[in-house]
Amino acid sequence: MSVVPSSLLPVSAVPAFRGRIGRDVGSGHYAAPHRYRLHVAPSDPDCLRIALTHAILGLDDTLPLTVLPEEADTPDGGYALLRPLYEASAHLYAGPAAAPVLSDDWTGRIVSTHVPDILRDLALRFRGDGPDLLPEERRSDIEALSDLCERSINRAAQRAGELGIDGESAHREPLTVLFAALDSLERALARDPYVLGDAPTAADIHVWVTLVQLDTIHRWHLDATAMDRVAGYTSLWAYARRLAARPEFGRCLDIDALLRRHRAHCRGREAAGGGIRLVDWPTTPRSAPIG
């Protein structure tokens, strides 16, 4: 894995709520069918990872999922639909009622807004007959790959196209980090069908969503030379296309929503690297009720 310069490290947001799902009744929050609900917005990559995990584990019948509008609908960047949950969960709560949320229908309160914890609890507490996305022996590798995706691909690609940084070296540093990360994934996928071997794990969900972002959003921050090099990772993009063809991946993805969100919030330079997408991503989003 590549070493990330401290200048490229993201500022981590503190989650408003960070409860966990326990192993049994004595833990307070325990896995029970129809007790909990996920609230996700299709334009947010973290929400996409949660929706993918939910779909791969086959949780439609036990853990309802509510799809929110792609754009927040309150001035502070939250959702009016989620405001009652936030206010019931914290007296005089004044922050944004943001997604994602794992809520408890029995109490009408929020369990967690912390994405890594929600993903772990889905994989460990609600798995049922679904695949083992967090095998014990690979958890450190999964965490390392998640870190690689966020810091060395997403953040580096964004940093390479940010406004306000001048000079070739300022753009070259994040591109060096980006290509080192893609090199490591290419080597892994040239050997195995998944990033950690013969079976899919939570790492594949994170890598796949990161590739969606790279090919649909970050490409606009990279120049044509950089995108030509990105296109040369043949094993990586073959892997992305193979997973995109699986129904549980395709039904969760709303490319148009991702792009609209990007256009609304982008503060980077729009470079000349757009070109043709490397993957024909599915365009039909998952259908789910709102509310």
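**Exercise 1. The cavity**

Which residues line the largest cavity? Describe this cavity by its volume and by the character of its lining.

Solution. The model is a predicted one.
- Step 1: the count comes to one cavity of 30 Å³ or more.
- Step 2: the volume of the largest cavity is about 60 Å³.
- Step 3: its lining consists of I56, P131, L133, P200, T201, D204, I205, R246 and F249.
- Step 4: sorted by character, the lining residues give six nonpolar, one polar and two charged.

**Exercise 2. The chain as a whole**

State how many helices and strands the protein chain has, and in what order they come.

Solution.
- Step 1: the protein chain holds ten helices and four strands.
- Step 2: read from the N terminus, the order is β-α-β-α-β-β-α-α-α-α-α-α-α-α.
- Step 3: the chain has 291 residues, and 50% of them count as buried.
- Step 4: take the contacts between residues at least 6 apart in sequence; 75% of these join residues at least 24 apart.

**Exercise 3. Helix 6 and two partners**

Determine how helix 6 is oriented to helix 8 and to helix 4, and name the residues that meet.

Solution.
- Step 1: helix 6 spans residues 202-216 and helix 8 spans residues 234-244; they pack at about 105 degrees, with axes 10 Å apart. An angle from 65 to 115 degrees counts as roughly perpendicular, so helix 6 is roughly perpendicular to helix 8.
- Step 2: on the helix 6 side of this contact are D204, V207, W208, L211, L214 and D215, and on the helix 8 side L236, W237, Y239, A240, L243 and A244. The contact of helix 6 with helix 8 is made up of ten nonpolar, no polar and two charged residues.
- Step 3: helix 4 covers residues 139-160, and its axis comes within 9 Å of that of helix 6, crossing at roughly 10 degrees. Angles under 35 degrees count as roughly parallel, so helix 4 is roughly parallel to helix 6.
- Step 4: from helix 4, I142, L145, S146, C149, E150, I153, N154 and A157 meet A202, A203, H206, V207, T210, Q213 and L214 of helix 6. The contact of helix 4 with helix 6 divides into nine nonpolar, five polar and one charged.

**Exercise 4. L236 and V67**

Is L236 buried or exposed? Decide the same for V67.

Solution.
- Step 1: L236 lies in helix 8. Its relative accessibility is 0%, and the limit for buried is under 20%, so L236 counts as buried.
- Step 2: leaving out residues up to four places away in sequence, L236 touches L182, L185, E186, L189 and L211. From L236 to R187 there are 49 residues in sequence, and 8.8 Å in space between C-alpha atoms.
- Step 3: V67 belongs to strand 2, residues 65-67. With a relative accessible area of 14%, V67 is buried.
- Step 4: V67 and C47 are 20 residues apart along the chain, and their C-alpha atoms are separated by 9.5 Å.

**Exercise 5. Backbone details**

Where is the cis peptide bond from A99 to P100, and where are H34 and L92, which have positive phi?

Solution.
- Step 1: the bond from A99 to P100 is cis, with omega near 5 degrees. P100 sits in the loop between helix 2 (83-89) and strand 3 (101-104).
- Step 2: L92 is in the loop between helix 2 and strand 3. L92 is not a glycine, yet its phi is positive, about 60 degrees. A relative accessible area of 70% makes L92 exposed.
- Step 3: H34, also not a glycine, has a positive phi of about 70 degrees. H34 is in the segment before strand 1 (36-40).

Methods:
Residues are numbered from 1 along each chain as its sequence is written. This is a predicted model: local features need pLDDT of at least 70, side-chain atom pairs count only at pLDDT 80 or more; totals for chains, interfaces and linings use all residues. Side-chain values use heavy atoms; hydrogens and water are left out. Axes are lines fitted to C-alpha atoms, for helices over the stretch in contact, and angles run from 0 to 180 degrees between N-to-C directions. Helices (H or I, at least four residues) and strands (E, at least two) are DSSP runs, numbered from the N terminus. Angles under 35 degrees count as roughly parallel, over 145 as roughly antiparallel, 65 to 115 as roughly perpendicular and the rest as oblique. Contact means heavy atoms within 4.5 Å. Ala, Val, Leu, Ile, Met, Phe, Trp, Tyr, Cys and Pro count as nonpolar, Asp, Glu, Lys and Arg as charged, and the others, Gly among them, as polar. On a 1 Å grid over the protein atoms alone, a cavity is a set of points where a 1.4 Å probe fits but cannot get out, and a pocket is an open set with protein on both sides within 12 Å along at least five of seven lines; lining residues have an atom within 4 Å of a point. Grid points are joined across faces, edges and corners, and a volume is the space filled by probe spheres set on the points. Buried means under 20% relative accessible area, exposed over 50%, partly exposed in between (1.4 Å probe, protein chains only).
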